[in-house]
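Me: I've got a model open and some of its labels puzzle me. Can we go through them one by one?

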Amino acid sequence: MKYTCWGAAKQVTGSMHLLELESGYKILVDCGIDYEDKDNKEINAHFPFNPRDIDVLLLTHAHIDHSGNIPNLVKQGFKGDIICTEPTAFLLEKLWVDSVNIQNSNHNRRQTARLYGFKEVKDANEQLLTVSFSKRIELNQQVSFTFHEAGHIIGAASIEIQVSENNTIKTIGFTGDLGNPGSKLIVDPNPMQGLDYLVTETTYGNRQHKEKRSPEDVLLDYVTKTCVDQEGRLIIPAFSVGRTQAILFTLKKLFNEGKLPPIRVFADSPLALASSNIHNRFSDYLNDEAIGYKLADGSLFDFKSLYLIEDKSDVEDMELYRESCIIVSSAGMLEGGRIQHHISDHIQNPACTILIAGFCSPGTLGAQLLEGRSTIRVKGNDKYVYAKIDQTDVFSAHPDTNGLQDYFSASNDGKLKKLFFVHGEEESMNDLKSALSDDLREKVEIPSKGETFQL
Ligand SMILES: [Zn+2]
């Protein structure tokens with residue numbers, strides 16, 4: 001069998017991995033949008049293989065850098081099953097529609113090519129097939145696979161694929177994006193076992209999560225300093241799927257415990273609302289704390305001072321409101337979405353804190369703010385940065401260097417032959433490699449895009 005890394009090679013976005021068996025059977029793992037090469041407007045338009053030749057697509061999770069190019073794959077002739085968990089399938093429906101809307105708006109501004117439309121999203125939805133965690137599924141006499149909890153977002157899977165070739169059974173694992181053990185709402189990662197090969201994410205391969213306080217304590221500290229002491233506004237950019245729910249759940253807990261000051265919390269992202277509903281619907285997939293909360297309270301996120309921004313009149317009401325408040329809005333890296341409006345409105349307000357709660361790829365508006373720039377360009381205007389810019393890793397949805405190494409130890413029972421590093425900056429991969437034991441370090445491969453390995 002051959003493995004080719006067609007995406008997230010020495011970078012974080014655009015995950016796409018191809019396994020080709022000697023029989024000619026082809027499995028694609030993930031098919032995401034690549035956001036890193038902004039100068040190449042065609043980067044996601046074409047595939048380096050014929051989509052008609054792919055037999056099956058196994059999808060780790062719904063995030064658009066793993067799933068966002070699937071309707072384009074379907075448009076270009078892929079007819080096989082798209083296999084994922086049930087929460088992932090429900091999230092995809094919303095994320096793909098949102099992706100079409102973003103593509104249409106970018107296309108109108110001549111920024112990027114339009115990859116697909118609503119018809120292709122409908123076609124892709126019809127090819128979805130959902131499976132449960134921890135059940136071995138046979139694709140044919142030679143190939144079977146099992147989904148294991150990756151602990152990254154609701155329904156996220158690591159995929160263990162077993163291939164029988166030339167009277168030998170080989171097992172290859174794809175971590176997808178892993179979660180940070182102990183995360184809000186989400187279960188801990190369940191490491192795959194008995195692997196010959198592991199293709200692993202390395203997003204935070206050279207970082208240590210520093211925050212030792214609980215998410216409740218961290219948020220309450222920011223709320224008190226910004227919204228009470230300074231009577232200002234706390235703006236939290238957050239991804240619609242995962243991060244927004246972790247933040248709203250934490251705020252709800254603070255509210256229920258009587259600790260949240262009497263200020264409004266605005267959740268301003270239609271996609272985040274849809275995603276929150278999916279979390280409530282599939283709460284069985286969440287951790288014990290979340291399941292307990294859902295049973296006792298009926299909802300994971302609703303509380304009295306939470307204002308969900310659903311339509312134009314909600315937006316107008318929010319804009320008229322001038323008191324101190326908390327605004328949670330997407331997108332996480334501050335590229336596009338409603339958050340740009342809030343940044344534009346508040347970046348010159350010294351009583352405002354913008355709290356970045358996740359990874360920001362180089363070049364994004366979020367990364368520019370974290371670099372400490374004195375001016376930024378947002379919504380077509382240059383603005384001075386007078387707001388306080390801060391960052392927390394307490395809501396991180398990826399393991400740090402220690403978490404990754406713990407995962408490798410748990411999944412390596414002695415027969416691991418190769419460890420492929422993907423989904424990370426090259427520097428992060430090199431640092432992680434250096435931190436490994438001699439035995440594991442010599443098994444590491446850092447594939448370039450399009451590099452093929454015989455397994
Ligand atoms: Zn992800």
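Reply: Sure, let's start with a helix: the cover over the buried residues of α13 includes α12 (401–411), β20 (418–422), α14 (438–441) and β21 (444–445). Helices (H or I, at least four residues) and strands (E, at least two) are DSSP runs, numbered from the N terminus. Mind that this is a predicted model: local features need pLDDT of at least 70, side-chain atom pairs count only at pLDDT 80 or more, and totals for chains, interfaces and linings use all residues. Residue numbers run from 1 along each chain as its sequence is written.

Me: Which residues of α13 are called buried, and what makes them so?

Reply: Ser428, Met429, Leu432 and Lys433, in the helix spanning residues 426–435. Buried takes 20 or more other C-beta atoms within 10 Å of a residue's own, exposed 12 or fewer, with C-beta atoms placed from the backbone. So these four meet the buried cut-off, while Glu427 and Ser434, on the face turned away, count as exposed.

Me: How do you know that the buried residues of α13 line one face?

Reply: Looking down the axis of α13, they fall within an arc of 135°, so they share one face. The arc is that of the directions from the helix axis to the C-beta atoms.

Me: Why is the largest nonpolar core said to lie between the domains?

Reply: Because domain 1 (2–207 + 397–454) and domain 2 (215–391) both contribute residues to this core; the bounds come from an automatic or database domain assignment. The core has 123 residues, meaning buried Ala, Val, Leu, Ile, Met, Phe, Trp, Tyr and Cys joined through C-beta atoms within 7 Å.

Note on methods: Contact = placed C-beta atoms within 7 Å.
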